[in-house]
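Reader: Hi! Could you walk me through one part of this protein closely, the open sheet, together with what packs on it and the salt bridges around it?

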Amino acid sequence: MDFKSKIRTVDDFPKPGISFKDITTLLKDGEAFHAAIETMAAHFEPLGIDMVTGPEARGYIFASALAFRLRAGFVPIRKPGKLPWKTRSISYQLEYGEDRLEVHEDAFQPGQKVLVVDDLLATGGTIRATIDLVESLGAKVVGVAVLIELSDLGGRKRLEGHDVISLVQF
């Protein structure tokens, strides 16, 4: 399937000079959404994934669907202060500033095979932080799946050593 044709580009959103990749047009197309999940699942199914995780918010859409398809658990990675129990957190650099992610301390068990999923790979900061957070709890990240990769921003370089797939490159 031509996933790229299912994604709308919105120029100058959220600010001038940005070409936002709007995935809602793919999500509302049941056949395209199903095909995206099936394509990602087919790549990672042979690995025996135990857990699928993804950062909020759009990462949840693909991560939870993939977890269901792979018969794996789903662990949400949240912004600070959103989880009700003891958490492990990590700070990471954004283009302009810093951000933080959190996960419950008991979310992953040592040795579990984890798939990290998000909607978009840009500079790789959020996904790299997610990987580091998962691995700090002893689990093993065996792959990364994204719908869109903004290739010119070089995020894949920050994920070296991991099996990374993207369905669409811009």
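Author: Happy to; here is the sheet, then its helices, then the salt bridges.

Please keep in mind that this is a predicted model. The sheet is open and has 5 strands, which follow one another as E4-E3-E7-E8-E9 with parallel pairing. Its edges are strand E4 (73–77) and strand E9 (164–169); each of these has a single partner strand, so one side of each is left without a neighbour in the sheet. On average, and ignoring direction, neighbouring strands are turned by 20 degrees against each other.

Let's look at the E9 edge. Strand E8, residues 140–149, pairs with E9 in the parallel sense over 5 bridges. If you would like a residue to click on, try Val144, whose bridge partner in E9 is Val164.

Now for the helices. Helix H3 (residues 58–70) packs on the sheet and touches strand E3 (51–55), E4, strand E7 (113–121) and E8. The direction of H3 makes about 140 degrees with that of E7. Helix H4, residues 125–136, lies across E3, E4, E7 and E8, and runs at about 165 degrees to E7.

Next come the salt bridges, of which the structure holds 9. One of them joins Glu45 to Arg69, with the closest N and O atoms 3.0 Å apart. Glu45 sits in the loop between helix H2 (30–44) and E3, while Arg69 belongs to helix H3, so this pair ties together parts that are 24 residues apart in sequence. Both ends are partly exposed: the relative accessible area is 40% for Glu45 and 25% for Arg69. There is a further member here, as Glu38, Glu45 and Arg69 are linked in a network of salt bridges.

Past the edge strand E4, the side chains of Lys79 and Asp99 meet in a salt bridge of 2.8 Å, N to O. Lys79 is in the loop between E4 and strand E5 (87–94), and Asp99 is in strand E6 (residues 97–104), so the chain is linked across 20 residues. Lys79 counts as partly exposed, at 24% relative accessibility.

Finally, back to E8, the strand that covers residues 140–149. Glu149 forms a salt bridge with Arg156, and their closest N and O atoms are 2.7 Å apart. Glu149 has a relative accessible area of 6%, so it counts as buried, the cut-off being under 20%. Arg156, in contrast, is partly exposed at 33% relative accessibility.

Methods. Residues are numbered from 1 along each chain as its sequence is written. This is a predicted model: local features need pLDDT of at least 70, side-chain atom pairs count only at pLDDT 80 or more; totals for chains, interfaces and linings use all residues. Side-chain values use heavy atoms; hydrogens and water are left out. Two strands pair if DSSP finds at least two bridges between them. Helices (H or I, at least four residues) and strands (E, at least two) are DSSP runs, numbered from the N terminus. Axes are lines fitted to C-alpha atoms, for helices over the stretch in contact, and angles run from 0 to 180 degrees between N-to-C directions. Contact means heavy atoms within 4.5 Å. A salt bridge is a side-chain nitrogen of Lys or Arg within 4 Å of a carboxyl oxygen of Asp or Glu. Buried means under 20% relative accessible area, exposed over 50%, partly exposed in between (1.4 Å probe, protein chains only).
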